[in-house]
Amino acid sequence: MSAIEEKFLKTFGEEPDLVAAAPGRVNLIGEHIDYSEGFVLPFAIKDRTLAAVRKRGDSSVRIASAQRRNKIVTVDIADVKPGLKGEWERYALGVLWSMGVTSGVDIMIDGHVPLGAGLSSSAALECSVATAMNHLFDMGFNLEELARLTQKAENQYVGVPCGIMDQSVSLMATQGFALLLDCRDLSTRNIPFDVASHGLELLIIDTQAHHALTDGGYAERRASCESVAAKLRVKSMRELTMTDLDAARDQITHTEYIRARHAVGEVKRVLDCVDALSIADFAKVGELINQSHVSLRDDYTVSCPELDTAVEASLAAGAMGSRMVGGGFGGSAIALIKASQTAQTIHAVENAFAYKKFKAPRFFTSLPSQGAEILSRR
Ligand code: GLA
């Protein structure tokens, strides 16, 4: 029996019917453009969240987490609706609600995606539960539908206005590849991302910073893009070119202009990055990653001193490219480095953080890993 099956048995007194897993993610490039119908290029990391589940004969939902000392939360499925108070379990219950689950179920969660690091532990939780429910109740949703349903859970049940990137990559990623996702129609292309065979590594730097701005700051950025789209009569930033934007500059505010400039530029950088990867031009990939950071820092203003320090210190230590990833205001940065320079890059970032009296950062690496899957079924 696997560790999670044992935890399930210990907590609920029965064996689970099945176990599903879904990973966290990092985003190579394409930040803050998923809600503007742009392209993004994330990959799944090896750390994932497991959900062991079992059908019950009644209408009770019991849910526990190994990270919360297996404490059981019990609720009737009929009461699982937006507005129901709760803690971490809202991410799982929101998925039951958005998928339309109507029968009772026992759920045990065991999460291995670092929390609060900007590596999408919430999407991993949502997608592990969604994958488990889809199979447990033979619901027949495809991966696009599951991505939309898990995003709906986070938007409408948990109340976080996130885009579609994190859930999509957690569900759709393939080992060895980054996922080029078109956020307009959720079509995908697997892009080989084999840094190791080129002697490179993608270092993930968790700054351990979490600035309070996160929620309001994210919503405010989304609102700017929507306002520009409305004023310029386009559906989303995806439809704008830099020429259109410059020509319409006097119809929007300066803040709207620089937000839109990030979005339009970032869509192009993603496509340029795909071209660069197709010819293994990692120097170009590094340049694009750097441009993305500058744009997020100066135009989208979602970086913070800890992220900028991580980026500057890794570049000074020889990184080919470095940028903040995810929503910003804290969380993680990535650095594309020569594998032989890992220790010196870590050392340089640690020193820079100590000098500025920031909390010590954490470091991870991960090769592109597999998306959500069923691990075992009885
Ligand atoms: C968060 C959101 C995503 C995306 C990123 C920024 O991770 O959940 O939908 O908008 O920020 O790219």
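In this predicted model, Arg 323 has Ile 334 of strand 10 as its bridge partner. The two strands involved, strand 9 and strand 10, pair in the antiparallel sense. Four bridges hold the register between them. Strand 10 spans residues 330-338, and strand 9 spans residues 321-324.

This pair belongs to an open sheet of four strands. The strand order is 9-10-8-11, and the pairing is antiparallel. Strand 9 and strand 11 (362-365) stand at the edges. Each has a single partner strand, so one side of each is left without a neighbour in the sheet. From one strand to the next, the twist averages 20°. In general, the strands of a sheet pair through backbone hydrogen bonds, in either a parallel or an antiparallel arrangement.

Two helices contact this sheet. Helix 9, residues 282-298, lies across strand 8 (200-210), strand 9 and strand 10. Its direction makes about 30° with strand 9. Helix 11, residues 342-355, also packs on the sheet. Helix 11 touches strand 8, strand 10 and strand 11. The direction of helix 11 makes about 20° with that of strand 8.

At the level of the whole chain, two domains are assigned. Domain 1 comprises residues 3-190 together with 369-377. Domain 2 comprises residues 194-365. Their centres, taken over C-alpha atoms, are separated by 26 Å. At the interface, 33 residues of domain 1 are in contact with 41 residues of domain 2.

Pro 192 is located in strand 7, residues 187-192. Beyond its sequence neighbours up to four places away, Pro 192 touches Gly 176, Phe 177 and Leu 277. Pro 192 and Asp 308 are 116 residues apart in sequence. In space, their C-alpha atoms are 28 Å apart.

Two annotated spans were examined next. An unreviewed UniProt entry places the feature "domain: Galactokinase N-terminal" at residues 6-55. This span is 14% helix and 58% strand. Its end C-alpha atoms lie 17 Å apart. The unreviewed UniProt annotation "domain: GHMP kinase N-terminal" covers residues 99-172. Here the chain is 55% helix and 9% strand. The end C-alpha atoms of residues 99-172 are 18 Å apart.

Thr 49 sits in strand 2, residues 39-55. With a relative accessibility of 4%, Thr 49 counts as buried, because the cut-off for burial is under 20%. Leaving aside neighbours within four places in sequence, the contacts of Thr 49 include Ala 20, Ala 21 and Ala 22. Thr 49 is also in contact with Ile 109, Asp 110, Gly 111, His 112 and Val 113. Further contacts of Thr 49 are made with Ala 124, Leu 125 and Ser 128.

Asp 106 lies in strand 5, residues 105-111. Asp 106 is buried, with a relative accessible area of 0%. The side chain of Asp 106 is joined to that of Arg 62 by a polar contact of 2.9 Å. Not counting residues up to four places away in sequence, Asp 106 touches Phe 8, Phe 12, Ala 52 and Val 53, among others. Its contacts also include Arg 54, Arg 56 and Arg 62. Arg 62 thus appears both in the contact list of Asp 106 and in its side-chain polar contact.

Note on methods. Residues numbered from 1 in each chain as written. Predicted model: local features only at pLDDT ≥ 70, side-chain atom pairs only at ≥ 80, totals over all residues. Heavy atoms only, no water. UniProt positions renumbered as here; feature names shortened; annotations may be inferred. Pairing = 2+ DSSP bridges. Axes fitted to C-alpha atoms, helices over the stretch in contact; angles between N-to-C directions. Contact = heavy atoms within 4.5 Å. Buried < 20%, exposed > 50% of the residue type's maximum accessible area, 1.4 Å probe, protein only. Polar contact = N/O pair within 3.5 Å; in protein donor to acceptor, adjacent residues only side chain to side chain. Domains from an automatic or database assignment.
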